[in-house]
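Trainee: Could you take a close look at one part of this model with me? I would like to go through it slowly.

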Amino acid sequence: MYKCAVCKEPIHANINTVGIQCERCGSKIFYKERPNVKKVVKSR
Ligand SMILES: [Zn+2]
């Protein structure tokens, strides 16, 4: 899953396609969305 780096719009198209643009803002900068895993450590 990729997201546009500008408007955070999820990119549904194949990121490997040449010349892909964000459907919303036309940006060509994307980043791979990582599952936001937060490790919560409770310290006592
Ligand atoms: Zn965008």
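What arrangement do the four donor atoms around the zinc ion make, and why?

Mentor: Happy to help! This is a predicted model, in which local features need pLDDT of at least 70 and side-chain atom pairs count only at pLDDT 80 or more, while totals for chains, interfaces and linings use all residues. Residues are numbered from 1 along each chain as its sequence is written, and side-chain values use heavy atoms, leaving out hydrogens and water.

The arrangement is tetrahedral, because the four donor atoms subtend angles of 104 to 114° around the zinc ion (four donors count as tetrahedral if all angles lie between 85 and 135 degrees). The ideal angle for four tetrahedral donors is 109.5 degrees. The protein donors (N, O and S atoms within 2.8 Å of the metal, or 3.2 Å for Na, K and Ca) are the SG atoms of Cys-4, Cys-7, Cys-22 and Cys-25, lying 2.2 to 2.3 Å from the zinc ion. Along the chain, these donors follow the spacing C-x2-C-x14-C-x2-C. Cys-7 and Cys-22 link distant parts of the chain, 15 residues apart: Cys-7 is in the loop between strand S1 (2-4) and strand S2 (10-11), and Cys-22 is in the loop between S2 and strand S3 (30-32). Strands here are DSSP runs (E) of at least two residues, numbered from the N terminus.

Now follow Cys-22 inward. Cys-22 has a relative accessible area of 5%, so this residue is buried (under 20% relative accessible area, with a 1.4 Å probe and protein chains only). Cys-22 also belongs to the largest nonpolar core, together with Cys-4, Ile-11, Ile-20 and Phe-30. Such a core joins buried Ala, Val, Leu, Ile, Met, Phe, Trp, Tyr and Cys residues through side-chain atoms within 4.5 Å.

How values were computed. Tetrahedral: all angles 85-135°; square planar, octahedral: opposite > 155°, others 65-115°. Helix = DSSP H or I, 4+ residues; strand = E, 2+ residues; numbered from the N terminus. Buried < 20%, exposed > 50% of the residue type's maximum accessible area, 1.4 Å probe, protein only.
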